[in-house]
Amino acid sequence: MALSPRVPELGALELLLAVARLGSVGRAAAELGVSQPTASARIKGMERQIGVPLLDRSPRGSRPTEAGRLVVEWARQVVEAAQALDAGIDALRERRDARLTVVASLTVAEYLMPGWLMALHAVSPGTAVTLRTANSADVAGHVLAGDADLGFVEGPLPPAGLAGAVVAADRLVLVVAPDHPWARRRSPLSGRELAATPLVLREPGSGTREVLEMALAPYGGTAPPRLELASSTALKAAAMTGAGPVCLSELAVVEELATRRLVAVRLAPELDLRRPLRAVWPSGRRPTGPARELLALTRRTAGPQQARMAQARALPPETARRSAAAPERPVLRVRPDRSSKS
């Protein structure tokens, strides 16, 4: 049911309560941060709206009339209810802002997201994060459906219906076991040769497979796969056991290349396997709260990861093996709680 036009607005009721408590329109105006003429005009407007005088004015101040005392009592209940509503809304917002749901492609989730989430924890330790993994096509579906606050995908363009921002750069590399004939190959592998060779591939819908298929489209596309596997870990294991050549993210094979458990095959210059890694969200709705914080952190922390990859590629095998075996320094340090004596 719609309210009658005789019901004053909440601000006017708060002013009336302040006048009744302080005994003066001037003191009530000062407390609420408005001028006395503005407060007087608001009270007179409320009296016209209700249709009865609310205050007795005198040189000693202002007091509620008999009708005014009734309105003051009713107004107090309305204002207290509004304050309770305001507090409840704040609690809901705090609870919402303290939670973050992220869905990321497998490459991002496995090799970049742990560092990003540790950085987020350092600046926002009260945020509870739920991380889900999916291939890039499914990430887009989850974000569009509202199941996640932020998504991360691989590929040249954001999926339809989503806006996005590039947060890191990646490239695909073709790797084989050290005893594979291509491991000793001196000439670059051409696009035509790669397209004609059955590979161990990610499943359809993955960003990794999409980039490879786009690169090989001028040569007739990829050959029927030798195997289709759903994770980088499974692809690496297949390559190391000799199942066949594998094309996957350089992020996934930094250690294996450094320790020579896998060998990267040199490709012809016409094969461009670079790709952006992108944060995505629904078009027309920018990320807020923890999602916005995480988005900012990805841009600040992706650079060091790229530098570590370049360094690993440049190291000679013996040095690379020692570097890969050395543990990384922890990003966060946990100090013991000394607040209570044992």
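**Entry 1: end of helix 1**

I looked first at what follows helix 1, and found Gly-23 with a positive phi near 75°. The model is a predicted one, and I read every value below as computed from it. Helix 1 itself has 13 residues. I compared its span from first C-alpha to last, 18 Å, with the 18 Å expected at 1.5 Å a residue, and the two are close. I then listed the buried residues of helix 1, which are Ala-12, Leu-13, Leu-15, Leu-16, Leu-17, Ala-18 and Val-19.

**Entry 2: helix 1 against helix 3**

I noted that two packed helices are described by the angle between their axes and the distance between the axes. For helix 1 (residues 10–22) and helix 3 (residues 36–50), the axes come within 10 Å and cross at roughly 110°. Angles of 65 to 115 degrees count as roughly perpendicular, so helix 1 is roughly perpendicular to helix 3. On the helix 1 side I found Gly-11, Ala-12, Leu-13, Leu-15 and Leu-16 making the contact. Helix 3 contributes Ala-39, Arg-42, Ile-43 and Met-46. I sorted the residues of this contact by class and got 7 nonpolar, 1 polar and 1 charged.

**Entry 3: helix 2 against helix 3**

I did the equivalent lookup for helix 2 (residues 25–32), which packs on helix 3 at an angle of about 110°, with the axes 8 Å apart. Helix 2 is therefore roughly perpendicular to helix 3. The contact residues are Val-25, Gly-26 and Ala-29 of helix 2, with Gln-36, Ala-39 and Ser-40 of helix 3. By class I have 3 nonpolar, 3 polar and no charged residues here. I marked Ala-39 as listed in the contact with helix 1 and in the contact with helix 2.

**Entry 4: Thr-107**

Is Thr-107 buried or exposed? I found Thr-107 in helix 5 (residues 106–111). Its relative accessibility is 0%, so Thr-107 counts as buried. I set aside the neighbours within four places in sequence and looked up what else Thr-107 touches. The list is Leu-112, Glu-154, Asp-170, Thr-208, Ser-232, Ser-249, Leu-251 and Arg-275.

**Entry 5: helix 9 and Ala-168**

Thr-208 led me to helix 9, where it is one of the buried residues. Helix 9 (residues 207–216) is mostly covered, with 7 of its 10 residues buried. I list them as Gly-207, Thr-208, Arg-209, Val-211, Leu-212, Ala-215 and Leu-216.

Glu-154 led me to Ala-168, which lies 14 residues from Glu-154 along the chain, with 9.8 Å between their C-alpha atoms. Ala-168 belongs to strand 6 (residues 162–176). I put Ala-168 down as buried because its relative accessibility is 6%, and the limit for buried is under 20%.

**Entry 6: Arg-260**

I noted that most residues other than glycine have a negative phi. Arg-260 is not a glycine, yet its phi is positive, about 65°. I placed Arg-260 in the loop between helix 11 (254–258) and strand 10 (263–264). At 45% relative accessibility, Arg-260 counts as partly exposed.

**Entry 7: whole protein**

I closed with the totals. The protein has 13 helices and 11 strands. Of its 342 residues, 39% count as buried. I took the contacts with a separation of 6 or more, and 75% of these join residues 24 or more positions apart. The accessible surface comes to about 19,200 Å², and carbon and sulfur atoms hold 54% of that area.

Terms used
Residues numbered from 1 in each chain as written. Predicted model: local features only at pLDDT ≥ 70, side-chain atom pairs only at ≥ 80, totals over all residues. Heavy atoms only, no water. Axes fitted to C-alpha atoms, helices over the stretch in contact; angles between N-to-C directions. Helix = DSSP H or I, 4+ residues; strand = E, 2+ residues; numbered from the N terminus. Parallel < 35°, antiparallel > 145°, perpendicular 65-115°, else oblique. Contact = heavy atoms within 4.5 Å. Nonpolar A, V, L, I, M, F, W, Y, C, P; charged D, E, K, R; others polar. Buried < 20%, exposed > 50% of the residue type's maximum accessible area, 1.4 Å probe, protein only. Expected span 1.5 Å × (residues − 1). Areas by Shrake-Rupley, 256 points an atom, 1.4 Å probe, with all protein chains shown as cover.
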